[in-house]
Amino acid sequence: MILEARAISKEYRRGDTTFFAVDRASLSIAKGEFVCIVGRSGSGKSTLLSMLAGLLTPDAGAVLFDGRDCALLGDEAISRLRNTRLGYIMQGYSVLPNFTVLQNVILPHVLFKREDDPYEKALALLDRVGIRPLADQYPARLSGGELRRVSVARALLPSPDLLLADEPTGDLDAESAAAIMRLFAEIAAAGTAVLMVTHDTEATKGVDRVLTMRSGRLAED
Amino acid sequence: MNGNPRLVFSDIAVCNLKRKPFRAGGLIFLVALLSFVLFGGSLIAFSLFNGTDGLSKRLGADILIVPQGYDQKVEGILLRGEPSAFYMDAEWLGRIADVEGVRAVSPQLLIASLNADCCSMPIQLIGFDRETDFVVEPWIRTALPGALSDGEIVVGGAITGKVGDRLKFFEREYRIAAKMDNTGTGFDASVFMNMDAARRAADDFVAMGGSLTIPADAVSSLIVMVDKDYTADGVSRRMNEDFDYGNSGIVVVSAKKIVNNVSGNLRVLVTFVALLAALLWVLSVAVLAIVFSVMLNERKREFGILRALGITRKRLVKLVFLESGIVSLVGSVAGVFLAALLILPFRSYIHEAVRMPYMQPSIGQFILLVAASLLLSFAVGPLASLLSSRRIRRGDAYAVIREGEL
Ligand SMILES: Nc1ncnc2c1ncn2[C@@H]1O[C@H](COP(=O)(O)OP(=O)(O)OP(=O)(O)O)[C@@H](O)[C@H]1O
Ligand SMILES: [Mg+2]
């Protein structure tokens with residue numbers, strides 16, 4: 001198992017009461033598996049994903065990445081893990097405005113010392129998501145769908161073992177969305193585990209498994 | 001082509017600043033203003049200290065005797081090079097020499113030149129007696145071992161012209177026999193000649209329509225050196241007692257008092273400058289801390305994204321410090337450079353404006369001042385970051401991303 005979540009919970013406060021945004025959710029994903037999570041808005045999907053990415057500490061339960069408990073890793077180790085083995089496409093826009101498209105894609109590469117040159121690979125990835133001509137543009141000039149594709153290319157740069165994608169096809173037309181899905185299927189076939197949140201029931205057709213989130217509870221379809 | 005695709009870590013900070021030139025420029029301006037005041041203020045203060053120091057060294061005399069009513073004028077001559085002419089009876093020379101505790105007395109004759117072609121303003125001509133003089137003599141002895149003939153002059157450091165050049169006063173030409181170093185005092189704008197030449201110059205002055213006729217046996221002032229067993233204050237008091245203070249027609253001026261007055265004024269000025277600089281420093285730290293806080297708040301999502309991409313908490317903080325450090329460094333250097341550019345070449349204007357002895361620091365002092373000013377103003381940026389970056393140094397990254405979305 002590349003990723004395993006054991007009964008993780010996150011409790012939030014709303015006014016005087018508290019509620020579980022994620023309630024004892026468990027899941028495991030193997031290498032090369034393509035899994036989708038569906039669920040209504042507010043059911044806790046993004047909260048779950050951010051805990052799986054190690055950006056949010058669960059109140060209870062454990063997240064294991066490649067068999068290692070993330071809670072036991074220090075900031076340095078978990079950051080390195082995120083940087084080198086995990087691709088995380090967060091909900092909403094996550095492109096940095098002060099860098100060109102190409103610089104954005106290369107960015108993860110400079111956060112930890114590496115020997116190899118990411119330049120060719122970044123351009124190839126931009127080609128794959130269909131925005132290579134925009135490589136030198138600043139994000140302010142890009143459409144929503146183009147920005148989304150920048151995030152996809154950036155998440156794939158380190159050839160991650162696990163890709164977490166929070167509604168990556170949100171504002172894409174049917175054709176572009178299908179292209180992204182094909183891309184994900186391809187990288188899953190190449191060994192990367194993909195966990196994707198989506199509202200698009202059409203998109204879930206070809207995937208290995210679909211999980212449903214309801215009020216913080218995760219269930220297999 | 002936009003941007004450099006071959007990024008390194010520090011480029012992240014550089015890009016962030018470059019893409020927000022207005023914001024970065026404003027912050028740099030603030031730091032530059034601070035370092036300008038820090039360096040400019042301390043440079044001027046230092047020059048004033050140096051000037052006062054030079055004055056007490058140059059003055060040489062313990063006591064000055066001038067005609068009654070001219071004690072303010074003599075300060076003007078010494079401190080600011082404001083030319084005056086006045087005289088008193090030469091018989092005072094003998095009477096002062098007889099006072100107990102007086103070791104040496106030497107007369108001087110002071111004449112204010114009309115506009116001379118060497119200089120933009122009237123300058124002070126000082127006739128001195130090479131036989132008895134102990135103030136000017138030590139400074140020119142090495143440069144001028146021989147006698148100073150009637151047609152020769154020794155000029156202060158601020159007078160245009162070099163040794164061998166000729167200067168004209170009251171239609172008569174003089175050859176520059178020696179030139180003194182700058183001292184920051186009134187001596188810099190003075191011209192020295194022997195007593196006979198000075199008397200002849202006084203006559204020339206009258207011949208040209210000058211209003212002050214100096215009698216042949218008169219002197220303008222007497223400079224007095226006190227025996228080392230006596231204090232200047234004690235000897236001054238004795239003179240005032242002996243010569244019926246207030247009615248004698250002369251004033252006994254303590255040289256130390258002049259220096260003390262200057263350093264007293266200086267202390268007030270320096271305290272003021274220091275307070276202003278301290279205030280501005282605290283203000284800069286506070287303003288930058290507030291601006292950085294607002295900025296960090298506005299940039300929460302950006303930082304959250306970097307965290308999601310795997311930047312460590314440590315390196316994120318480093319990035320924030322790098323940005324503020326660059327702002328601080330550029331601002332500090334610009335401010336110091338500008339201050340030096342504005343202050344160094346205009347020392348004579350500043351000298352005139354402050355009306356105090358003014359002498360720019362030596363290279364060593366200068367480097368020290370630059371280093372201290374740079375250090376103090378550079379510290380502002382990182383300090384402000386430290387005060388404002390607490391929020392990103394703790395807490396879950398996801399919370400930061402979420403807050404940044406709204
Ligand atoms: N920091 C927070 N404090 C309090 N409540 C929060 C916080 N973050 C999220 N919530 C709540 O937790 C619940 C789950 O939010 P989450 O963002 O995980 O939903 P989601 O399933 O991703 O929704 P969507 O499909 O709209 O993106 C929501 O009801 C939300 O209001
Ligand atoms: Mg969500």
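In this predicted model, the lining of the largest cavity comprises 11 nonpolar and two polar residues, with no charged residues. The cavity itself holds about 140 Å³ of space, and a search of the whole structure finds seven cavities of 30 Å³ or more.

The position of this cavity can be followed through its lining. In total, 13 residues line the largest cavity, and L64(B), L78(B), Q108(B), F187(B) and I223(B) lie nearest its centre. Three elements of chain B each give two or more residues to the lining: α3 (71–80), β3 (102–112) and β10 (221–226). Of these, α3(B) supplies the largest share, namely three residues.

Attention now turns to chain A and the magnesium ion (ligand 2). Which protein atoms act as donors to the magnesium ion? They are OG of S46(A) and OE1 of Q91(A), which lie 1.9 to 2.1 Å from the ion. This pair links distant parts of the chain, as the two residues are 45 residues apart. S46(A) belongs to helix α1 (residues 45–52) of chain A, whereas Q91(A) is found in the loop between β6 (86–89) and α3 (101–111) of chain A.

The two donor residues may also be described by their accessibility. S46(A) counts as buried because its relative accessible area is 13%, under the 20% limit. Q91(A), with a relative accessible area of 33%, is partly exposed. The magnesium ion thus has one protein donor from a buried residue in a helix, S46(A), and one from a partly exposed residue in a loop, Q91(A).

Note on methods: Residues numbered from 1 in each chain as written. Chains lettered and ligands numbered in written order. Predicted model: local features only at pLDDT ≥ 70, side-chain atom pairs only at ≥ 80, totals over all residues. Heavy atoms only, no water. Donors = N, O, S within 2.8 Å, 3.2 Å for Na, K, Ca; no water. Helix = DSSP H or I, 4+ residues; strand = E, 2+ residues; numbered from the N terminus. Buried < 20%, exposed > 50% of the residue type's maximum accessible area, 1.4 Å probe, protein only. 1 Å grid on protein atoms, 1.4 Å probe; cavity = no way out; pocket = protein on both sides within 12 Å on 5 of 7 lines; lining within 4 Å. Points joined across faces, edges and corners; volume = space filled by probe spheres on them. Nonpolar A, V, L, I, M, F, W, Y, C, P; charged D, E, K, R; others polar.
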